[in-house]
Amino acid sequence: VGATAIHACARGSLWRAGLQLLHGFLGIQMTAVANCTALVNVAISMCSANSKWLHAVAMLEGVPSGDNLISCNAAMTACERASQWTLCLQILRDMT
């Protein structure tokens with residue numbers, strides 16, 4: 001349900017509302033790490049689609065290191081769209 005709501009915000013370019021939903025869901029579901037990671041992935045993609053690359057990169061800190069391949073890919077896409085190549089390469093280096 002949470003990912004669907006955030007995704008709907010992304011489609012409507014309501015990225016701030018999507019981030020508010022994310023923070024609300026994370027406060028409720030901190031014990032369900034897989035659920036949290038899925039929500040963060042959707043939110044990172046939402047930020048990427050709305051040219052909010054700084055927000056996308058900042059959200060990587062909340063993703064457990066073992067679950068971050070999709071998150072990192074979404075954040076790198078955000079950086080690529082903003083021509084932030086150095087940061088994109090840094091994220092890639094941090095993954096290895």
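**Exercise 1.** In this predicted model, decide whether Asn50 is buried or exposed, and find where it sits in the chain.

*Solution.*
- Step 1: The relative accessible area of Asn50 is 14%.
- Step 2: A residue counts as buried when this value is under 20%, so Asn50 is buried.
- Step 3: Now locate it: Asn50 belongs to the loop that links helix 3 (33-49) with helix 4 (53-58).
- Step 4: Look across to Leu14 as well. Asn50 and Leu14 are separated by 36 residues in sequence, and their C-alpha atoms lie 8.7 Å apart in space.

**Exercise 2.** Work out how the span of helix 5 compares with the expected one, then describe what follows this helix.

*Solution.*
- Step 1: Helix 5 covers residues 69-81, which makes 13 residues.
- Step 2: From first to last C-alpha it reaches 18 Å, close to the 18 Å expected at 1.5 Å a residue.
- Step 3: Its buried residues include Ser71, Cys72, Ala75 and Cys79.
- Step 4: After helix 5 comes Ser83, in the loop leading to helix 6 (85-95). Ser83 is not a glycine, yet its phi is positive, at about 55°.

**Exercise 3.** Find which helices supply the largest nonpolar core, and list the contacts of Leu22.

*Solution.*
- Step 1: The largest nonpolar core holds 23 residues, and Leu22 is among those with the most contacts inside it.
- Step 2: Helix 1 (2-11), helix 2 (15-28), helix 3, helix 4, helix 5 and helix 6 each supply at least two residues of this core.
- Step 3: Setting aside neighbours within four places in sequence, Leu22 touches Ile6, Leu39, Val40, Ala43 and Met59.

Definitions and conventions: Residues are numbered from 1 along each chain as its sequence is written. This is a predicted model: local features need pLDDT of at least 70, side-chain atom pairs count only at pLDDT 80 or more; totals for chains, interfaces and linings use all residues. Side-chain values use heavy atoms; hydrogens and water are left out. Helices (H or I, at least four residues) and strands (E, at least two) are DSSP runs, numbered from the N terminus. Buried means under 20% relative accessible area, exposed over 50%, partly exposed in between (1.4 Å probe, protein chains only). The expected span of a helix is 1.5 Å times one less than its number of residues. A nonpolar core is a set of buried Ala, Val, Leu, Ile, Met, Phe, Trp, Tyr and Cys residues joined through side-chain atoms within 4.5 Å. Contact means heavy atoms within 4.5 Å.
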